[in-house]
Amino acid sequence: MIMINKKLKEKLKKAAQGVIDNAYVPYSNFPLAAALLTKEGKIFTGVNIENAAYGATMCAERTAIFKAVSEGYTDFKALLVLSKTKKPVTPCGSCRQVINEFSKEIDVIMMTIDGREIIKKNQELLPDAFAKGDIDQ
Ligand code: THU
């Protein structure tokens, strides 16, 4: 069941909007921003950060998650991904895997600047994920 309410969704969109122009995207010219809501109600933002060695690029979602984890926050309620595209953008496979590591029940909100949105549970985006329990057996 999707848990995020309208007010929090707006707050996450504002936070993402506030950083999207910090996306470092000289190669793709495809800026994305993420806003991650912790169980404590804190918001961490992230943008995609590209590199001349393309494979060293970091996605917006993982930037936000790694910022939060390195500050001691590991339980998340919602992650909003903001794009300037016509249709909402969904997190890449690596981001889905990293999201799954921390919060299986998280709502993933995929939203465009002009407000088109799709909301799904990360479990829907990455069913039968490989996870810690597969190692700890
Ligand atoms: N990108 C993200 O930031 N998140 C995703 O989930 C999909 C892809 C970025 C990586 C790269 O900077 C650009 O989008 C094009 O792939």
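Let me start with strand β1, residues 32-38. Seven of its seven residues are buried, so β1 is largely enclosed by the rest of the structure. This is a predicted model, so keep that in mind throughout. The side chains of β1 go two ways: Leu32, Ala34, Leu36 and Thr38 point to one side, Ala33, Ala35 and Leu37 to the other, and all are buried.

What does β1 pair with? With β3, residues 76-83, it pairs in the antiparallel sense, over seven bridges. Two positions to click on: Leu37 stands opposite Ala78 in β3, and Ala34 has Val81 as its bridge partner in β3.

On the other flank is β2. β1 and β2 also run antiparallel, joined by five bridges. Here Ala34 appears again, with Gly46 of β2 as its bridge partner, and Leu36 stands opposite Phe44. The two strands make a hairpin with four residues between them. In that turn, Gly41 has a positive phi of about 95°. As for burial in β2, four of its five residues are buried, so this strand too is largely enclosed by the rest of the structure.

Now the whole sheet. There are five strands, the sheet is open, the order is β2-β1-β3-β4-β5, and the pairing is mixed. The edges are β2, residues 43-47, and β5, residues 117-121; each has a single partner strand, so one side of each is left without a neighbour in the sheet. On average, neighbouring strands are turned by 15° against each other, direction ignored. Helix α1, residues 6-19, packs on this sheet and touches β1, β2, β3, β4 and β5. The direction of α1 makes about 140° with that of β1.

Next, helix α3, residues 93-102. Its buried residues are Cys95, Arg96, Val98, Ile99 and Asn100. They pack against α2, which is 60-70, against β3, and against α4, which is 122-125.

Cys95 brings us to the cysteines. How many disulfides does the structure hold? Zero. The pair to look at is Cys92 and Cys95. The sulfur of Cys92 has its closest cysteine sulfur in Cys95, at 3.8 Å, which is too far for a bond. From the other end, the closest cysteine sulfur to that of Cys95 is in Cys92, again at 3.8 Å and too far for a bond. The cut-off used here is 2.5 Å between the sulfur atoms. Buried or exposed? Cys95 counts as buried, at 0% relative accessibility. Cys92 is partly exposed, with a relative accessible area of 30%.

Cys92 is also one of the residues around the ligand. The full set is Ser28, Phe30, Leu32, Asn48, Glu50, Thr57, Cys59, Ala60, Glu61, Thr90, Pro91 and Cys92. Leu32 in that set belongs to β1, where it is one of the buried residues.

Which atoms on the protein side come into play? I have three distances, each to an oxygen atom of the ligand. For Glu50, an N or O atom in the side chain is 2.5 Å from a ligand oxygen. For Cys92, a polar backbone atom is 2.9 Å from a ligand oxygen. For Ala60, a backbone N or O atom lies 3.0 Å from a ligand oxygen.

Last topic, backbone angles. Most residues other than glycine have a negative phi. Two residues to check against that are Asn29 and Asp128. Asn29 has a phi near 50°, a positive value in a residue other than glycine. Where is Asn29? In the loop between α1 and β1. At 65% relative accessibility, Asn29 counts as exposed.

Asp128 has a phi near 55°, also positive and also in a residue other than glycine. Asp128 sits in the loop between α4 and α5, the latter being 132-135. Asp128 is exposed as well, with a relative accessible area of 82%.

To recap for anyone with the viewer open. β1 has β3 on one flank, with seven bridges, and β2 on the other, with five. Cys92 and Cys95 have their sulfurs 3.8 Å apart, too far for a bond. The ligand oxygen distances involve Glu50, Ala60 and Cys92. The positive phi values outside glycine that I went through are in Asn29 and Asp128. That is what I have.

Technical notes
Residues are numbered from 1 along each chain as its sequence is written. This is a predicted model: local features need pLDDT of at least 70, side-chain atom pairs count only at pLDDT 80 or more; totals for chains, interfaces and linings use all residues. Side-chain values use heavy atoms; hydrogens and water are left out. Two strands pair if DSSP finds at least two bridges between them. Axes are lines fitted to C-alpha atoms, for helices over the stretch in contact, and angles run from 0 to 180 degrees between N-to-C directions. Contact means heavy atoms within 4.5 Å. Buried means under 20% relative accessible area, exposed over 50%, partly exposed in between (1.4 Å probe, protein chains only). A residue is near a molecule or strand if one of its heavy atoms lies within 4 Å of it. A polar contact is a pair of N or O atoms within 3.5 Å; within protein, one must be able to donate a hydrogen and the other to accept it, and residues adjacent in sequence count only if both atoms are side-chain atoms.
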